[in-house]
Structure formats: structure tokens, C-alpha cells
Amino acid sequence: MMTASGATVLEDFQSYTSVNGRIYLPDLRNNDSGWTSEFYVRNDGTESRTVTIYYFNANGTSTPKVSDTCILNPNQRCWIQVSAFDRIPAGTTGSAYIDGGEAVSVVVIQRRASPGARAAYLGVSQPSTQVHVPLLHKNNYGLYSEIYIQNNWPTFTGVTVQYKVSPGQPGSDCTESSNVLARGLKVIRLSEVSCIGATFVGSAYVTSNANHALAVASTQRKSDHSNMAESSGAGGTANTAYAPLIQNNNYGWISGIALQNASGSTNNLAANVYNQTGGWPPCRTDTYSNIGARRSQIISTPGVFCTSVASAVYGGGSQPVAAIVNQVLPGTPSSTDYEAITAPSKKVVVPLWLNRSSWISGLVVQNVNDQWANMTITFYDAAGNPSGSPLTAGIPPRALYIRSSTGVASGSAVVTADRPVAVVVNHFLSISGDGSMSHIGVQS
């Protein structure tokens, strides 16, 4: 919506996004069980813009800091430490939303000092009345999950969570309902959900009973907090989902996938895995028959027929799917996850890039097409200035482009291509413990 004086801020009381946009951060922490958040807000547009960040306690009231404002030039970002100025009160978890978020991307980092651990998730730009969570744990080899549900409305809403155990995995199906206060946050700890059983591996389907849009994040972590992975469903759902990075015993790293049937009926799901060099046919093809509504199939690494670094394409035929890709280094605390990408695009923003001291960032670009894709990566410093020479490459059909230990010391990156691509980013910090975190690029 535009007026003579410019863009109008709209309340997203339905599941649409206004011209100015709004981005939601459903999980912000200030020394909650040792975890503290920080986040980066990047202007992805071509004009300067002002963004305002509003902070809320779990009960929906404003925190003492109330808000922050960042005035950002194109490609510039601001960095926010949640622990400073009581943005979120000490010892608690809260949430935030960002106004003026059209063409803005946000990445949230969770960090813990002892034991050292990291995790990351993207801000939610498209809250929904129906949210799929492909992978949850309860007492699964020490892994537990939480679900963070942010109510974006100025009135309370009822929320229903359907838990679905994965085929061949422990646990029970069940459904629970509760209310979330206006602008409030509901934290569901699976350790406290008795109806799923003592041990559970499966998925969830979160819905708003009053047609209110929700923003959701979910975690996977060890009970001793020695590692954590977090995602926000930013990949979305569609009939086809893309996983740019499948680690198939890559220097010891392996990937596990939870592929969720995001439809309301039983469906057959398909997985095609491609070697790093792409081409046809896939190095592995699997079909998973009669997967129940909202249920996830657990998929392991593709094995000896595929290269150590591979990619995957997941499908549900005429029905939507969602997926989470885990990356773990067995025998260590290192673990990350990312959402499969359902909307590849010709421009992808990487809001966080680090190539300094103990930090290394790397990205993987997946050419999802049956034709060559010509790609350019441009790096920007934190102030939005171009940094160094852009990287260019041609990517063969279904192949991967991989790059790390290059680019700006601290800033961001933009991937452009003449055909749609999918991007995932890994960040590694040289510390003892879980110094790794991942997120997808922001498909523009």
C-alpha cells in the first residue's frame, strides 16, 4: 500500500506482509540457561531505510528497553546485543519484531560461554497460521527440543500442536492446545510433554485456532547444553524442496534429514541426491511410501554411491513438503541444521559473513536447474561498502559451487545468478565445543 507521502506501515492481522514489511524473532535470550542472543539486521534494498525493533517479554508486555532504531544505507547492517540495556531482561527469553522490514534480512545467533556452543536462525518474514516443524527430539540419545511460538497479534490466540512420531522411531502421536497471550511467546519444552512418551523422534504441525499468524523457531540440543541447532522454518513448504549441502562422511561430517509430509493426507515422498559435479542421473534415488499427514521420514547419509559433498532434491508430487538437514561431526559436540529451500531465486542475501581471527564462513550454491547457471558473489563490509573483487563462476546443471575462507572480514554477501539457485551458509568458530552454526540464504 502506497500513499502520496510514501509507504504505509500495515498491521499484519492476516497472513500477509505489508509494503514496509515485518520480521519476527521468536527466540531472544539474555542468559537463559546460559544462552544469550545477538542479531544482525541488514538492509537488502537499494535505498536507505529506517528499521525499528520492538522487544517483548514472554507475557507480551514491552521490555524496559522497548525498542531500538537502526538507520541503514543499502547493504549496511546493524548489530544488536540482547543482553545490553535490558533489551530482554536477564535470565529470561523474549521476542521481537522489526518494522520497516521490506528488503531487510535478519540472522539471530545463540551463544553459550560454558560449555562453548553456538546456533543460528533466520528472522521470520512470513508468519503463518500453519507452521511445520520437521524434526523434534525428546530423550533421543541425549537430544531434546523446544518450540518457540510467537503470537503476532495484539490479542491472545489459541494454538494447537500436533505431534507426529516418525516411521520406525520411538514415541506416540498426540495433540495439545494452549493459549498464547497478545504479543506473547509460548515456549514448549518437549521434556515436559508427557503425551508423546518418554522418548520421541518426530515432527510437529503448529496451527492458530483463530487464524492468527504465528512465527515459530525450534531447537535441537543436548540436555547438558553442550551443543544446539536452531531453525525457524524460513525455508517454507512447497511441492519441491532443495538441500544444497548433504555431508556424506565429508572429513567425518555426516548429514541426517527429516523430510516432512506437509499435506493433510497420506502421501509418497521422493529424495534425489546429486553428486557435487551434478549431472544426470542422481547418484541415489529413494521413494518413501504412505507417509502420514504432517509426519516426517528420517533419512540418513546417501552412502558410497555419492560424493562426500552432495545435494538433494525432495518432493511430494502434487503435495507440499518441508525438510530439516542436520550436520554433525560424530564424537564431537559440533552440530548444525538448516531448512531445505522451497523458493530458489536469482538473488540470495547472506546477512552474516565472517572471515577473521577464529571465524570462518563458507557457502554452498546449488544450481537447481537442468542448464548451466552463471553466478556472482559480491561481498560488503558492515557499513555496506563493496569489499574486494566479486567472485564469478559458471555452475553446471544440478552441480554445487563451494567457497570458504575468503571475502570480507566481517560483513555480508549477495549471490546473483542468471537462473534460480539455493544457498546455505556454514560458520565455524575455532573453540572447544560446538563452534558451528548454519542458516540458509535469504531468497530474494
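These legends go with a set of close-up views of a predicted model.

**View 1. F56 stacks on Y97.** This is one of seven aromatic pairs that a search of the whole structure turns up. The ring centres of F56 and Y97 are 5.5 Å apart and the planes meet at 25°, so we call the pair stacked; the cut-off for that label is under 30 degrees. F56 belongs to strand β5 (residues 49–56) and Y97 to strand β8 (residues 92–99), so the contact ties together parts that sit 41 residues apart in sequence. As for solvent, F56 is buried at 9% relative accessibility, and Y97 is buried too, with a relative accessible area of 9%.

**View 2. The surroundings of Y97 include an aromatic cluster and an arginine.** Zoom out a bit from the stacked pair, and F56 and Y97 turn out to share one aromatic cluster with Y24 and Y54. Y97 also has a charge for company: the charged end of R22 sits over its ring, 4.1 Å from the centre.

**View 3. Y163 and F200 meet edge-to-face.** Here the ring centres are 6.4 Å apart and the planes are at 85°, so the geometry is edge-to-face; anything over 60 degrees gets that name. Y163 comes from strand β14 (residues 157–165) and F200 from strand β17 (residues 200–208), so this pair links parts 37 residues apart in sequence. Both partners are tucked away from solvent: Y163 is buried with a relative accessible area of 1%, and F200 counts as buried at 0%.

**View 4. R294 sits over the ring of Y205.** The charged end of R294 is the thing to look for, 3.9 Å from the centre of the Y205 ring.

**View 5. The second largest pocket has a volume of about 690 Å³.** Its lining is made up of 30 residues, and those closest to the pocket centre are H137, N140, L143, N326 and V328. Want to know which elements supply two or more lining residues? They are β11 (130–140), β18 (214–222), β21 (253–261), β24 (296–299), β26 (321–328) and β27 (335–339).

**View 6. Strand β21 gives the largest share of the lining of the second largest pocket.** That share comes to five residues. By chemical character, the lining of this pocket splits into 14 nonpolar residues, 15 polar ones and one that is charged.

Conventions. Residues are numbered from 1 along each chain as its sequence is written. This is a predicted model: local features need pLDDT of at least 70, side-chain atom pairs count only at pLDDT 80 or more; totals for chains, interfaces and linings use all residues. Side-chain values use heavy atoms; hydrogens and water are left out. Rings of Phe, Tyr and Trp (its six-membered ring) pair if their centres lie within 6.5 Å; planes under 30 degrees apart count as stacked, over 60 as edge-to-face and the rest as tilted. Helices (H or I, at least four residues) and strands (E, at least two) are DSSP runs, numbered from the N terminus. Buried means under 20% relative accessible area, exposed over 50%, partly exposed in between (1.4 Å probe, protein chains only). A charge sits over a ring if NZ of Lys or CZ of Arg is within 6 Å of the ring centre and within 35 degrees of the ring normal. On a 1 Å grid over the protein atoms alone, a cavity is a set of points where a 1.4 Å probe fits but cannot get out, and a pocket is an open set with protein on both sides within 12 Å along at least five of seven lines; lining residues have an atom within 4 Å of a point. Grid points are joined across faces, edges and corners, and a volume is the space filled by probe spheres set on the points. Ala, Val, Leu, Ile, Met, Phe, Trp, Tyr, Cys and Pro count as nonpolar, Asp, Glu, Lys and Arg as charged, and the others, Gly among them, as polar.
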